[in-house]
Amino acid sequence: MKAIVATDQAAGMAGLKLAERPQPKASINDVVVEVHAAGFVNTELEWPSTWADRLGRDRTPSIVGHELAGVVTGIGYGTTGFSIGQRVFGLADWYRDGSLAEYTAIEARNLAALPDDVDFVSAASLPISGLTAWQGLFVHGQLRPGQRVLAHGAGGAVGALVVQLAREAGAHVIGTGRAADRELALGFGANDFVDLEHDALEDVGEIDLVFDVIGGDIGPLSARLVRPGGVVVSVVGPYEGLSDTIRVIDFVVEADRDQLAEIAHRVSDGRLKTHIGKVSSLDDAIASMNAKDRRKGKSIFRPRS
C-alpha cells in the first residue's frame, strides 16, 4: 500500500517519502481501517515517538499522521464494538504507524463510530484539534458558564474549536491572532478579538481561562490577566515563575472514544463547524506539506476519493 513515511530525523520534512509499505494486519484488540481521509501535524517530526518506540528503539521508516476517518476492513481477536464496513474516525497511538496510508491498524479503543451525515474529510480534522479543545476546556480547564476565556490562535484548527465549544458552554470568548483572522474568529463565535500585532492584550481585562496554542511569551503575558483561582491551559508550555494563585496546566491530548462521539454529534447537528484548509491526495501530500504559504485551517490528505 502507499504511505507517507518519515525516514531521516535530521532531514525533517525533507526526509518524508511516499513509499510502498506492507498492508497492516489486526492484532489483538485492533481494527484495520481503510483510510478515506487523514490529518497531519507538522510538529510530529519533533516528537520522539515518530522516531523510536517506547523502549527507545529506532522504528523508522514510520508512517506519519495520527488522525483518520475511514471504514473498518479488519477486526482483531478480542475486539468488540465495531463491524466490517462501519464508518469510524479516531486518533492513532503516537508510537505506532499512523494514518497517512491507504490502511492503518489502530487500537479499537482509540476509535469512535462516525455518524452517516459527517463526511470523512470533516471527521479527519477532528481527533487532535477537537480532543485538544475539549480536554483543555472541560477536563483540565473545568470551564463553567459565565467565565471569560482567552482563546489564542482563534483562527487556527484548534482555536476555532476552542471558540465554538467555549461559547456553547456559556463562556464569554475573546479570540486572538493576526488581523487577517479577525472575521474568521468572530464568525466562529468569538465575542471579541485581539490582534496580537497591533492591539494591547492587557486591555481585555480579567480572564478566568487562557487557552494557549501559540507558545513563546504569550502564555506568561496572558497569565498576568488571570484572576486568582483561574487557569492557564497550554499545549506549548510548560511555563515557569507564574503566580501561585492560578493553575497552570500543560497537557498532551489523549484519545477518548466518548469525547470523540460528543464532538462528532455536535458536527452532525450543526453546533460545531470544522475548519478545513487544503485537501490533497496522498500522491501530492509531500509537496503540500512543504508549501511555503501560510496554512489556513486543517490540512487533510485523502488516500482515496
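## Close-up views of a predicted model

**View 1. Strands β13 and β14 run side by side.** In this predicted model, β13 and β14 run parallel and are joined by four bridges. To find one of the partners, start at Val232 and look across to β14, where its bridge partner is Val248. As a reminder, the strands of a sheet pair through backbone hydrogen bonds, and the pairing can be parallel or antiparallel.

**View 2. Six strands make up an open sheet.** Step back from the last pair and you can follow the order β11-β10-β9-β12-β13-β14, with parallel pairing. Which strands are at the edges? They are β11 and β14 (247-250), and each of them pairs on one side only. From one strand to the next, the twist averages 15 degrees.

**View 3. A salt bridge links Asp199 and Arg182.** The structure holds 14 salt bridges, and here is one of them: Asp199 with Arg182, whose closest N and O atoms are 3.5 Å apart. Why does this pair tie together parts that are 17 residues apart in sequence? Asp199 sits in the loop between β11 (192-195) and β12 (207-212), while Arg182 belongs to helix α5 (residues 182-187), so their contact connects the two parts. Asp199 has a relative accessible area of 35%, so it counts as partly exposed. Arg182 is also partly exposed, at 29% relative accessibility.

**View 4. Arg227 reaches Glu206 in another salt bridge.** In this pair, the closest N and O atoms are 3.3 Å apart. Arg227 lies in strand β13 (residues 226-234) and Glu206 in the loop between β11 and β12, so the salt bridge ties together parts that are 21 residues apart in sequence. Both partners are partly exposed: the relative accessible area is 26% for Arg227 and 45% for Glu206.

**View 5. Some salt bridges share partners.** Glu168, Glu262, Arg266, Asp269 and Arg271 are joined into one network by salt bridges with partners in common. For a view of a single pair, turn to Arg57 and Asp53, whose side chains meet in a salt bridge at 2.7 Å, N to O.

**View 6. The largest pocket has a volume of about 1400 Å³.** Which residues are closest to its centre? Of the 40 residues in its lining, they are Val41, Asn42, Thr43, Val158 and Val213. The elements that each give two or more residues to this lining are α3 (127-140), α4 (157-168), β10 (172-177), α8 (285-289) and β16 (298-302). Sorted by class, the lining has 19 nonpolar, 15 polar and six charged residues.

**View 7. The second largest pocket has a volume of about 190 Å³.** Its lining includes Leu91, Ala92, Asp93 and Trp94, and also Val252, Val253, Glu254 and Ala255. Arg54, Arg109 and Asn110 line this pocket too. By class, six of the lining residues are nonpolar, one is polar and four are charged.

**View 8. One cavity turns up in the whole structure.** Rolling a probe the size of a water molecule over the atoms shows where empty space is left. How many cavities of 30 Å³ or more does a search of the whole structure find? The search finds one, with a volume of about 40 Å³. Look for Ser125, Leu126, Ser129, Ala157, Leu161, Thr274, His275 and Lys298 around it. Among these lining residues, three are nonpolar, four polar and one charged.

Methods: Residues are numbered from 1 along each chain as its sequence is written. This is a predicted model: local features need pLDDT of at least 70, side-chain atom pairs count only at pLDDT 80 or more; totals for chains, interfaces and linings use all residues. Side-chain values use heavy atoms; hydrogens and water are left out. On a 1 Å grid over the protein atoms alone, a cavity is a set of points where a 1.4 Å probe fits but cannot get out, and a pocket is an open set with protein on both sides within 12 Å along at least five of seven lines; lining residues have an atom within 4 Å of a point. Grid points are joined across faces, edges and corners, and a volume is the space filled by probe spheres set on the points. Ala, Val, Leu, Ile, Met, Phe, Trp, Tyr, Cys and Pro count as nonpolar, Asp, Glu, Lys and Arg as charged, and the others, Gly among them, as polar. A salt bridge is a side-chain nitrogen of Lys or Arg within 4 Å of a carboxyl oxygen of Asp or Glu. Buried means under 20% relative accessible area, exposed over 50%, partly exposed in between (1.4 Å probe, protein chains only). Two strands pair if DSSP finds at least two bridges between them. Axes are lines fitted to C-alpha atoms, for helices over the stretch in contact, and angles run from 0 to 180 degrees between N-to-C directions.
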